[in-house]
Amino acid sequence: MNVLIKSATILDDKSDFHNQTQDILVENGFITQIAKSLKNPKKYPVIALENLHVSSGWFDSSVSFGEPGYEERETIANGLQVAAASGFTDIALNANTNPVIDSHSDIAFVKSKAANSATNLHPIGALTKGSEGVDLAELFDMKSAGSIAFGDYKNPIENPNLLKIALQYASSFDGLVHSFPHESRVATKGVMNENITSTRLGLKGLPALAEELQIARDLFLLEYTDGKLHIPTISTAKSVDLIREAKAKKLDVSCSVAIHNLLFTDESLNDFDTNFKVNPPLRTQSDIEALIAGVKDGTIDMVTSDHNPIDIEYKKIEFDYAKNGTVGLESAFGVLNALFTTKKAVQLLTKGKQRFGLKTDAIHIGSSAQLTLFNPSETYVFEEKHIGSKSKNSLFIGSKLKGKVYGIIANNTTSIPL
């Protein structure tokens, strides 16, 4: 693919052209020229868009589709189109399918379904067979097939010895183990944050303690095994403190936070809107402030949309029985760009790649063109029409967002109409 990008402000702190407005020539999928003004003698297609900004491609560390097994929620093909339109050149795919992605052939299947897409799909293999938390899955075989990490999506590892063995075994081939922070015996059947709001609404509370106990246990196991651990989607102030302390001890731990946990509190559930039913649940304003502080000081390594399509019949039912989850790819940049500076938002959307062993292509002459194109200044109210996913379960509907994504250039193709 050949294209000339005109007058783009480059936001890439690893590039010599950071903060500069330049033309960028892409030929056969590689950046061949960057200059203040480039001519176009070969008459390549031109991308010239309002307030155009370019960064290295964005990465989301927690994305769920439906295929195989739940195609009515989302297919791989449509999901990757949504990811590309939302600015993501790379996504990590969770294993919560039917059957669960827990073998070499399962990894090979989802990767084959993503072939020739603009967005790269990187599978997270299940840590245990069937994500049932009993026996370890075929971790090394999945690593050989292309799995970038191992975790049972939203399912905690209740057996500490099993997690200990997983950390020890995976460390032999530099495998990254996920452990969802949820002590189910403390959480019981909680459906929202345990607080004054849950009492007022008459809903069963899910205490912050359930998350924090599990994190404390997992960090003890990590220190014992000298393994490599990722804790996805933390949501409480104490969780931030625990991970900050672990990093001060030089433990090999990383963590993420779901973008919606940076914006909404448990008071958003006053109308019993099941789109706001997520796991971990929405917490308090003081938790949000601690999470944002953790993002700013680097304790929290990455943000994620935690994109999880749920079909309508599992959302438009009584709150207690509704499934957890929200779609978030389409709104990710708009929320982060409203919460932080544009430079910080871009940094948050690109910095997670290294932890998962993925190559980051900075914007240099000679580099592979893995680019996200966007306008950071446009504001709008997020509506259902902005959702490209097959499922429409977004808690961001009605929120004022800032920033429009034009699309991506990646894998020698583009999602932007030429």
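Is Phe374 buried or exposed? Select Phe374 and see: with 0% relative accessibility, Phe374 counts as buried. (Buried means under 20% relative accessible area, exposed over 50%, and partly exposed in between, using a 1.4 Å probe and protein chains only.)

Before we go on, a word about what's on your screen. This is a predicted model, where local features need pLDDT of at least 70 and side-chain atom pairs count only at pLDDT 80 or more, while totals for chains, interfaces and linings use all residues. Residues are numbered from 1 along each chain as its sequence is written, and side-chain values use heavy atoms, with hydrogens and water left out.

**Stop 1: the rings**

Keep Phe374 and add Trp58, which is also buried at 0% relative accessibility. Together they form a tilted aromatic pair, 5.5 Å centre to centre with 45° between the planes. (Rings of Phe, Tyr and Trp, the last by its six-membered ring, pair if their centres lie within 6.5 Å; planes under 30 degrees apart are stacked, over 60 edge-to-face, and the rest tilted.) Trp58 sits in strand 6 (residues 58-63) and Phe374 in strand 16 (residues 371-381), 316 residues apart. (Helices, H or I with at least four residues, and strands, E with at least two, are DSSP runs numbered from the N terminus.) Now add Phe88 and Phe333: ring pairs link them with Trp58 and Phe374 into a cluster.

**Stop 2: Gln22**

Jump to Gln22 in strand 2 (residues 21-27). Gln22 is buried, with a relative accessible area of 7%. Leaving out residues up to four places away in sequence, Gln22 touches several residues, including Ile5, Phe17 and Ile34. (Contact means heavy atoms within 4.5 Å.)

**Stop 3: Pro45**

Next, pick Pro45, in the loop between strand 3 (30-35) and strand 4 (46-47). Pro45 counts as partly exposed, at 35% relative accessibility. Not counting residues up to four places away in sequence, Pro45 touches Asn2, Val3, Leu4 and Leu418. Try Met1 too: its C-alpha atom is 9.6 Å from that of Pro45, though the two are 44 residues apart along the chain.

**Stop 4: two helices**

Finally, show helix 8 (residues 237-248) and helix 9 (residues 285-297), whose axes come within 8 Å and cross at roughly 30°. (Axes are lines fitted to C-alpha atoms, for helices over the stretch in contact, and angles run from 0 to 180 degrees between N-to-C directions.) The two helices are therefore roughly parallel to each other. (That label covers angles under 35 degrees.) For the contact, select Ala237, Val240 and Arg244 of helix 8, plus Asp287, Ala290, Leu291, Gly294 and Asp297 of helix 9.

How values were computed:
Angles under 35 degrees count as roughly parallel, over 145 as roughly antiparallel, 65 to 115 as roughly perpendicular and the rest as oblique.
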